[in-house]
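Thanks for coming. I have one structure to go through today, so please have a look at the screen.

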Amino acid sequence: MHESSTGSTASPSRRTLLAATAGVTAALAVSTTPAAHAAEPHPAEPRDDTALRALISRMTLEEKVGQLFVMRVYGHSATAPDQADIDANLSEIGVRTAAELVAKYRVGGIIYFTWAHNTRTPHQIADLSNGIQKASLDLPRGLPVLISTDQEHGIVARVGKPATLFPGAMAVGAGGSRSAAHALGRISGVELRAIGIRQDYSPVADVNVNPANPVIGVRSFGADPDAVAGLVAAEVKGYQESGVAATAKHFPGHGDTAVDSHFGFPVITHSREVWQSLDAVPFRAAVRAGIDSIMTAHIMVPALDDSGDPATLSHPILTGILRGELGYDGVVVTDSLGMEGVRQKYGDDRVPVLALKAGVDQLLNPPSLDIAWNAVLNAVRGGELTEARLDESILRVLRLKAKLNLLDDPYVSARGVDRKVGTAAHRKAADAIADGTTTLLLNHGHLLPLSRRTHRNVLVVGADPASPSGTDGPPTTVLAAALTEVGFAASALSTGTAPSAATIARAVTAARDADAVVVATYNVTASSSQKSLVTQLVATGVPVVAVAVRNPYDVAQLQDVGAFLASYSWTDVELRAAARVIAGRVAPGGRLPVAVQRADDPAQVLYPIGYGLSY
């Protein structure tokens, strides 16, 4: 295996690796004597399970409890993080480093976040992953750690450039191509695996039927359950063919809520019949596609469980419906246990215990690991949870680790990072997928494609929300640069998501010297000053092209623009694709994956699912 020269943690040699995993390999050894091949009409369980159960039988109770947790940890290195990250770890977790976290709590998984400084560069991430694996495997009876992250692409991506970034789910939904969804999953999976991440909390399987949904929105493939199901299944297969566990989320369906479960406790009022025909459809498709893991939602669905408990803590929903009715026997992981939606009814010491009783296998990111870990330990010692119940979940987790080849080959190499992450071929594939997603909803007088001869000087104004991880940003600058690249003389003037009267006046003055204005809009409402900006720009008589860089519903508020495009996100790959459409380098091929209601009468559909113009 190639020795890493990119950081403090070198990839171990093959000999070191074999030594470190010798105990695991021995435990998994299966007899190959003729007797082992004798006909067994009704074997008790697969031989692999027998070997994994032997592994479990040697664990202490404390080690078993640890295997159920997936925890955050600050720092770019497993053993030598920056002092600020050491301080944050001491404050929140009571350890200094990732290596100490693994040693103290024997956690089965670690989740990477950008804000925790885990994901600076591909080589650094690979070194961090190797350091975590070494720390765990050096322990008595040490097991590899299942490292995960939220790499949905679009507006939620923890690993940024130079890794390949793809359009988000709603953009892919607009493209409507299952082969594109499959390619996204396969390429993203190859890159994640190369840096040591083998579980991705993606795809979002929620059907976004509520335009006011504050937390899902463009993270969903759309509002048609069958279309969403097809894209979910395709992306799942792509990820898992690359050796990364995909995770369909957020069961039983977070698509019809106006409350963000990070900050509140949403209630879904769908009847059981509506749930079966709408929310359940993509999850059934994910199960049929062989999904490795499913993430729960911190939502209440009274039609499925009238106890008032969130789905994460609901035995009727997780065991009765997901395991029983949908026939799913893979890993069930909670959404973050630090979210308000799961903390309102019960204390942090009860939540992990109740989640396990409901049927959960992995407990993700509790606010206090010490409280949660000890709560589970004490629940077993006190008889509320049986050790056999823990074993059941640990077996599912170990099955997944075995399937992902973590038990035999947990390390990654610098050479693998160089060969697989952010390659020219991968970036080209991302651009090709993006070219099929941009959706043209208005084009008065055939304003688009914009002529470089008659509209050479272009002013780009508008919202500049904080750029998703590792993108160039800000959006107005990216759009202006992309338009300049295709032959326009474009300049950028950021006006923000809530422009003041003075900012609007500045933009209007600048617009009078331009041949055309491109305005990036972000979740425009009837009272939004972004709407005032657009109205005053249109009043100058200069042609105005609006690009919705998040929700496509903005078009209902902006019917007086010359042309309107939906890009579904403000990441570079989608903005560059929108620029190519504006310039006529690519014809708009996207079709709305959600319906847009009229602004003055939300009961009326302005643009139905499937609507989209072209050249």
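I will take the cores, then the cavities and pockets, then two helices, and finish with the backbone. Keep in mind that this is a predicted model.

Let me begin with the nonpolar cores. The largest of them holds 115 residues, and within that core L101, I132 and F251 touch the most other members. Take L101 and skip its neighbours within four places in sequence: its contacts are then M71, R72, V73, I93, V95, R106, V107, I110 and L369. There is another core, apart from that one, with 69 residues, including A171, L447, A482 and L592.

Next, the empty space. The count is 4 cavities of 30 Å³ or more. In the largest cavity the volume is about 70 Å³. Which residues line the largest cavity? The lining consists of M59, E63, Q67, R106, V107, S136, R141, G142 and L143. By class, that gives 3 nonpolar, 3 polar and 3 charged residues. Two names come back here: R106 and V107 are contacts of L101, and both also line the largest cavity.

The largest pocket has a volume of about 670 Å³. Its lining has 33 residues, and those nearest the centre of the pocket are F113, R158, R219, H262 and M339. Sorted by class, the lining of the largest pocket has 16 nonpolar, 7 polar and 10 charged residues.

Now the helices. Helix α9 covers residues 178–194, 17 residues in total, and its first and last C-alpha atoms are 24 Å apart, close to the 24 Å expected. Among the buried residues of α9 are A180, L184, I187, E191 and L192. After α9 comes G196, with a positive phi near 95°.

The other helix is α22. Its 12 residues should span 16 Å at 1.5 Å a residue, and the end C-alpha atoms are indeed 16 Å apart. How many of the residues of α22 are buried? The number is 11 of the 12, so α22 is largely enclosed by the rest of the structure. The buried residues include charged ones by name, D572, E574 and R580, alongside V573, L575, V581 and I582, among others. What do the buried residues of α22 pack against? Their partners are α8 (169–175), α18 (424–435), α19 (475–485), β14, β15 (544–548) and β16. G584 follows α22, and its phi is positive, near 80°.

Last, the backbone. Most residues other than glycine have a negative phi, and most peptide bonds are trans. There are some departures to point out here.

S202 and P203 are joined by a cis peptide bond, with omega about 10°. P203 sits in the loop between β6 (199–200) and α10 (225–241). L448 and P449 are also joined by a cis peptide bond, with omega about 0°, and P449 is in the loop between β11 (439–443) and β12 (457–462).

On phi, N523 is not a glycine, yet its phi is positive at about 55°. N523 belongs to the loop between β14 (516–521) and α21 (529–539). Y568, again not a glycine, has a positive phi of about 70°, and its loop runs between β16 (563–566) and α22 (572–583).

Are these two residues buried or exposed? N523 is partly exposed, at a relative accessible area of 30%. Y568 has 1% relative accessibility and therefore counts as buried, the cut-off being under 20%.

That is what I have.

Technical notes
Residues are numbered from 1 along each chain as its sequence is written. This is a predicted model: local features need pLDDT of at least 70, side-chain atom pairs count only at pLDDT 80 or more; totals for chains, interfaces and linings use all residues. Side-chain values use heavy atoms; hydrogens and water are left out. Helices (H or I, at least four residues) and strands (E, at least two) are DSSP runs, numbered from the N terminus. The expected span of a helix is 1.5 Å times one less than its number of residues. Buried means under 20% relative accessible area, exposed over 50%, partly exposed in between (1.4 Å probe, protein chains only). A nonpolar core is a set of buried Ala, Val, Leu, Ile, Met, Phe, Trp, Tyr and Cys residues joined through side-chain atoms within 4.5 Å. Contact means heavy atoms within 4.5 Å. On a 1 Å grid over the protein atoms alone, a cavity is a set of points where a 1.4 Å probe fits but cannot get out, and a pocket is an open set with protein on both sides within 12 Å along at least five of seven lines; lining residues have an atom within 4 Å of a point. Grid points are joined across faces, edges and corners, and a volume is the space filled by probe spheres set on the points. Ala, Val, Leu, Ile, Met, Phe, Trp, Tyr, Cys and Pro count as nonpolar, Asp, Glu, Lys and Arg as charged, and the others, Gly among them, as polar.
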